Amino acid sequence: MMGQVVKLDKTAADAATAAAAARQLAAANDATIPTPRPRRSPAWTPARLGVYGFLMVAALFFLLPLYVMLVTSVKPMEEIRLGTLFALPQHMTLEPWTQAWSTACTGLECNGIRGGFWNSVAIVVPSTILSIAIGAVNGYALSFWRPRGAGVLFAILMMGAFIPVQVMIYPLVRVLASVNLFSSLPGIIIIHTIFGMPVMTLLFRNYYAALPMELFKAARIDGGGFWRIFLQLMLPMSTPVIVVAVIMQVTGIWNDFLLGLVFAGSEHLPMTVQLNNIINTTTGERLYNVNMAATILTSIVPLALYFISGRWFVRGIASGAVKG
C-alpha cells in the first residue's frame, strides 16, 4: 500500500514538472515572436473632414429655421419690427404661445389651435392602429400562408401606394358621400387607413419574409391556426417593425393637410388646417410671433416622437424592417 502511494506521488510530481516546463517553453516562444503594433489611422483625413463638413452644413440647414421660429415666437412685436431676425430676444415673453393655443383666430372663431390639436389626436390614434393592424395581418398572410393570387394582390396594393393622392380624391369623395361618411370623423379615419395600408403591408411583409420559415412550420405542426400563430408567435416578435410603423404613420397622418382639408369636415379639421387658417387670418397687423408659436405647437408631436423613439426606429430598420 505504501509503495502505491509513493508511486502516485512520483507520478504527480513528474506531471507538475512537465507542465512547468511547457509553460516556460511557451513563454520563451512568446518572447521571441514580436507582436505587430496596430497601425493607427491619422486623426483627420480629407475624407473624414469632408464627411464632418457635410454633416455640419446639413445640421445647420435644418436647425436654422427651427432657431428662427423659436426666437421669433418669444419676441414681442416691437422687437420683430426692428428686423433683427437672428438676434436673441431682449424681453422674452410667452404671451404669443398662450395666444396661439387659446385665443388666435382660425377664421370666424378665435379659440386658438387647441381644437385642431384634439381633432388631430382623434384622427391619428384610430387611423394608426387600424392601418398597422391591417398591414400586419396582410404581411403575415402574404409571407407565410401565401393564398392563391397572393402575388396579384400584393401587386395591386403596391400600385395603390404609388398612385398620387390627388388622382383618387374625387372618386373617394363620391364613394364616401354615397354612404354618408363624407366630412365626418369616421370618413377621414377610413381614408387614412386606406392610404396607409399598402406601405404597412409592404413593411410587415418584408419583415416577416426575413424570419425563418421553420418557426411557422413548427407552429403548424403543434396545431396552430392562422390567428393563433399570428397573435401568439408573430406579433410578439414584431416589436421593432411595429415601432417603425407607428413612427411612420403618426408623422404622416399628423402632418397631412390635403386629406384633412377635404374629408374631415369643418368640425374635425386637423391641426395643420387650423394652422393654415391662423396664418391666413389677418385683422390689421400680422402677428409673426403668434404664427411661429402656432407652427411649433403643430410640429411638436412629430418632433417629440422622433426624439423619444429615434433609437427604436433605427433598431427596427436595422433588424430587417425594410429588408426585402
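These are my notebook entries on what I looked up in this structure, which is a predicted model.

**Entry 1: the chain as a whole**

I began with the secondary structure and counted 14 helices and zero strands, and reading from the N terminus on, I wrote the order of elements as α-α-α-α-α-α-α-α-α-α-α-α-α-α. The chain has 324 residues, of which 33% count as buried. I then looked up how the contacts are spread along the sequence, and found that among those between residues at least 6 apart, 71% join residues at least 24 apart. For the surface I noted that the chain exposes about 20200 Å², with carbon and sulfur atoms supplying 69% of it.

**Entry 2: the nonpolar cores**

Which residues have the most contacts inside the largest nonpolar core? I found Ile113, Ile188, Ile191 and Phe263 in that role, in a core of 29 residues. The elements that give two or more residues to this core are helices H5 (114-145), H7 (165-178), H8 (185-209), H11 (239-254), H12 (258-263), H13 (271-280) and H14 (288-321). H14 supplies the largest share, which is five residues. I also recorded a second, separate core of 19 residues, and Leu203, Ile229, Val244 and Ala245 are among its members.

**Entry 3: Ile113 and Ala100**

I followed Ile113 outward and, not counting residues up to four places away in sequence, I listed its contacts as Ala100, Trp101, Met271, Gln274, Leu275, Ile278, Ala294, Leu297 and Thr298. From that list I picked Ala100, which is found in helix H4 (residues 95-102). Its relative accessible area is 0%, so I entered Ala100 as buried. With the residues up to four places away again not counted, Ala100 touches Gly112, Ile113, Ile278, Val290, Ala293, Ala294 and Leu297. I also looked up the distance from Ala100 to Asn289: they are 189 residues apart in sequence, while their C-alpha atoms are 9.0 Å apart in space.

**Entry 4: Thr93, in the loop before H4**

Thr93 is found in the loop between helix H3 (77-80) and H4. Is Thr93 buried or partly exposed? I put it down as partly exposed because its relative accessibility is 23%, and the cut-off for buried is under 20%. Leaving out residues up to four places away in sequence, I found that Thr93 touches Ser73, Val74, Lys75 and Pro76. Pro76 and Thr93 are 17 residues apart in sequence and 6.7 Å apart in space, C-alpha to C-alpha.

**Entry 5: the loop between H7 and H8**

I looked up three residues here, starting with Asn180, which lies in the loop between H7 and H8 and has a positive phi of about 60 degrees although it is not a glycine. Asn180 is exposed, with a relative accessible area of 69%. Ser183 lies in the loop between H7 and H8, and its phi is near 60 degrees, a positive value in a residue other than glycine. I noted Ser183 as partly exposed, at a relative accessible area of 35%. Ser184 is found in the loop between H7 and H8 and is buried, with a relative accessible area of 15%. Leaving aside neighbours within four places in sequence, Ser184 is in contact with Phe263, Ala264 and His268.

**Entry 6: aromatic rings**

My search of the whole structure gave 17 aromatic pairs. I looked at Tyr140 and Tyr208, whose ring centres are 6.4 Å apart and whose planes stand at 80 degrees, so the pair is edge-to-face. This pair links distant parts of the chain, with Tyr140 in helix H5 and Tyr208 in helix H8, 68 residues apart. Both Tyr140 and Tyr208 are buried. Phe226 and Trp227 form an edge-to-face pair, at 5.1 Å centre to centre and 80 degrees between the planes, and Phe226 is partly exposed, with a relative accessible area of 25%. I then found that one aromatic cluster is formed by Tyr140, Phe144, Trp145, Phe204, Tyr207, Tyr208, Phe216, Phe226, Trp227 and Phe230.

**Entry 7: a nonpolar patch on the surface**

Which residues form a nonpolar patch on the surface? I recorded Trp44, Leu49, Val51, Tyr52, Phe54 and Leu55, which together have about 700 Å² of accessible area. Leu49 is found in helix H2 (residues 46-73) and is partly exposed, with a relative accessible area of 48%.

Note on methods. Residues are numbered from 1 along each chain as its sequence is written. This is a predicted model: local features need pLDDT of at least 70, side-chain atom pairs count only at pLDDT 80 or more; totals for chains, interfaces and linings use all residues. Side-chain values use heavy atoms; hydrogens and water are left out. A nonpolar core is a set of buried Ala, Val, Leu, Ile, Met, Phe, Trp, Tyr and Cys residues joined through side-chain atoms within 4.5 Å. Buried means under 20% relative accessible area, exposed over 50%, partly exposed in between (1.4 Å probe, protein chains only). Helices (H or I, at least four residues) and strands (E, at least two) are DSSP runs, numbered from the N terminus. Contact means heavy atoms within 4.5 Å. Patches are made of residues with over 30% relative accessible area and no salt bridge: like charges are joined within 9 Å, nonpolar side chains (Val, Leu, Ile, Met, Phe, Trp, Tyr) within 5 Å. Accessible areas come from the Shrake-Rupley method with a 1.4 Å probe; for residues, only the protein chains shown count as cover. A salt bridge is a side-chain nitrogen of Lys or Arg within 4 Å of a carboxyl oxygen of Asp or Glu. Rings of Phe, Tyr and Trp (its six-membered ring) pair if their centres lie within 6.5 Å; planes under 30 degrees apart count as stacked, over 60 as edge-to-face and the rest as tilted.
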